[in-house]
Amino acid sequence: MERGPVRQSNGFVRAGSEIFVSAQFTPFQQQAIEADGCDICVAAGAGSGKTGVLVERFLRLVTPVHRDDPPPEPRVGIEEILVITFTEKATKEMKSRIVAALTRQGLEAERRAVETAYISTIHGFCSRLLQENPFEAGVDPQFTVLNGPRARRLLHQTVDLVVAEAYESQDADAMELIATAQSWRQRGESGDPLALLANAVDATLAALRAQGRTRQEVEAHWRRGLDANAAHALEPVWAILTPLLDDISAALASLALMRASLLGAARLACDALLEHADALRPRQKPLLETLEALEATHKTVSRGRPRANLGATEEITLAQLFQRIKNAGEAAKTLFGAQANREGQAAQTAHRLLGLTVAVWRAYEQAKRQRGALDTDDLQTEALRLLEESPNVRARYRRRFRHLMVDEFQDTNPLQMRLIELLHTPANTRPEQTASVVGDARHTEKTNGNRSAHSAPANRLFVVGDVQQSIYGFRHAEPALFQALERRFREEKVGLH
């Protein structure tokens, strides 16, 4: 991408006849501000001026140009830019900086347009999207939004009602879950069991919704039964065990080849180990059975390596194989005995909690419908559903927003990422150009993207962030999403500027 010369003097950034009143920018920041015809990812540390670069780019896009030669990409109207922030404070500060800059330049019409611009938090944008398309979204046109405390209070009231109904119907799972909650308090948790259970349902529901899961999807998963859900819940344990079991299985296979040459105690020890070979293959048996076999194997090798009438080389090999098995058993030792039983109990509790969460979710949705209300998570999930299920609405907003700008992208969760992707139309008539500004905005990369064609013209994505500054883990933000985006930009590069 060819650029004209950029000169900096007296705190003003000049490009041709354009003047941007702003702080002094580095050449790399200036590159991010001025890049045309590409998507841009700015990754930089705290205090490096990322948000200032975003604001300056916004101003450059909307500032009228007075020159004979038009820029590579025409200036756009303020209403054609979507800016997403993650706090109301950040939104106000950004609008204030934009208004101040436009006022200094005497751009009164543009300054007034900022009042109705699409500059807001992700929740604010989703609310506006639903208000502009209530019938397509299937929501009450006059819906109200429950703030955090009101939504939490209604949810906890719903938990109380659902649990009470379960007790009346003698629902065994619900009563077992209450008993489990009572044991939580006995282990030091504060609060009454029902409140602890309500908090658990609240946290579970929030995590599921942040992932973009619907109640119907979760309910279908729960109805698959305990075994299916237990397998899912125990996946982290299998992730730990699998490489250890693979190593043990390889060692046992070598022992099986040596067995014929072993005598006495060495032969007996080898047979004891090989007896559990099938149960020690990853995921071939239920977890509890696998852990029992692993514990028995560990006890066998821990008794000491029996001496065998072998040559020196074979003796060393036998010792090494026993040691490999012992080391793997030591690494999994914390899962033996009572812990194995607890894993099974935890899987059962998780299944019961998921069932209660589904029942509460259904009742909570009904309670909100009766009130004509949505909570803040609904704003996102309903906006996502609208864009996914209404191609005309999706295409209209893709055409409307020629530029998408996201501040603090490291605080995005999977649902929000999907929303942004649905609004973004990458270039499809030619290889996509994607710029990445990393570190202290040290370089820009142009990449080829492989995207499917879209009916709407391409729009441009500009994101800034720093994974070290992620502060919304409690809202299920996943900094890895930003890292993956940055990595994709790097891996697809075809040239540097």
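Visitor: Why are the side chains of Arg209 and Asp378 said to meet in a salt bridge?

Guide: In this predicted model, the N to O distance between the two side chains is 2.4 Å. The cut-off is 4 Å, from a side-chain nitrogen of Lys or Arg to a carboxyl oxygen of Asp or Glu. The pair of Arg209 and Asp378 falls within the cut-off, so the term applies.

Visitor: What makes this pair a tie between parts of the chain?

Guide: Arg209 belongs to helix α9 (residues 193-210), Asp378 to helix α17 (residues 376-389). The parts are 169 residues apart in sequence, so the pair ties them together. Arg209 and Asp378 are both buried.

Visitor: Which residues are linked with Arg209 and Asp378 in a network of salt bridges?

Guide: Lys368, Asp375 and Asp377 belong to that network as well. The structure as a whole holds 23 salt bridges.

Visitor: What makes Glu219 and Arg215 a salt bridge?

Guide: Their side chains come to 3.1 Å, N to O. The limit is 4 Å, so the pair qualifies. Both residues sit in helix α10 (residues 215-222), four residues apart, about one turn of the helix. Both are buried.

Visitor: How do you know that the side chains of Glu389 and Arg385 meet in a salt bridge?

Guide: The N to O distance is 3.5 Å. Set against 4 Å, that passes, so this is a salt bridge. Glu389 and Arg385 are four residues apart in helix α17, so about one helical turn separates them.

Visitor: Is Glu389 buried or exposed, and how do you know?

Guide: Exposed: its relative accessible area is 54%. The class starts over 50%, so Glu389 belongs there.

Visitor: Why is Arg385 put in its accessibility class?

Guide: Arg385 has 28% relative accessibility. Buried needs under 20% and exposed needs over 50%, so Arg385 counts as partly exposed.

Visitor: What makes His298 count as buried?

Guide: Its relative accessible area is 7%. The limit is under 20%, so His298 is buried. His298 sits in helix α14 (residues 287-302). Beyond residues up to four places away in sequence, His298 touches Lys326, Gly329, Glu330, Lys333 and Phe336.

Visitor: Why is the link between the side chains of His298 and Glu330 called a polar contact?

Guide: The two side chains are joined at 3.0 Å. The cut-off for the N or O pair is 3.5 Å, so the distance qualifies.

Visitor: How many disulfides does the structure hold?

Guide: Zero. A disulfide is a covalent bond between the sulfur atoms of two cysteines. The test asks for two cysteine sulfur atoms within 2.5 Å.

Visitor: Why do Cys38 and Cys270 count as buried?

Guide: Cys38 has a relative accessible area of 3%. Cys270 is at 0%. The threshold is under 20%, so both are buried.

Visitor: How do you know which class fits Ser96?

Guide: Ser96 has 46% relative accessibility. That lies between the 20% and 50% cut-offs, so Ser96 is partly exposed. Ser96 lies in helix α3 (residues 88-104). Its C-alpha atom is separated by 9.4 Å from that of Val114, 18 residues apart along the chain.

Visitor: Where is Pro426, and why is it called buried?

Guide: Pro426 is in the loop between α19 (414-423) and β10 (434-437). Its relative accessibility is 3%, under the 20% limit, so Pro426 counts as buried. Pro457 is 31 residues from Pro426 in sequence, and 8.2 Å from it in space, C-alpha to C-alpha.

Visitor: What is the mean pLDDT of the chain?

Guide: The mean is 79, and 76% of the residues reach 70 or more. Over residues 1-22 the pLDDT is below 50, and this stretch has 54 contacts in the model beyond near neighbours in sequence. Residues 429-454 also stay under 50, with 91 contacts beyond four places in sequence.

Visitor: What describes the chain overall?

Guide: The chain has 20 helices and 13 strands. Of its 497 residues, 48% are buried. The exposed area is about 24,300 Å², and carbon and sulfur atoms supply 51% of it. Among contacts with a separation of 6 or more, 76% join residues 24 or more positions apart.

Conventions. Residues numbered from 1 in each chain as written. Predicted model: local features only at pLDDT ≥ 70, side-chain atom pairs only at ≥ 80, totals over all residues. Heavy atoms only, no water. Helix = DSSP H or I, 4+ residues; strand = E, 2+ residues; numbered from the N terminus. Buried < 20%, exposed > 50% of the residue type's maximum accessible area, 1.4 Å probe, protein only. Contact = heavy atoms within 4.5 Å. Areas by Shrake-Rupley, 256 points an atom, 1.4 Å probe, with all protein chains shown as cover. Polar contact = N/O pair within 3.5 Å; in protein donor to acceptor, adjacent residues only side chain to side chain. pLDDT = per-residue confidence, 0-100.
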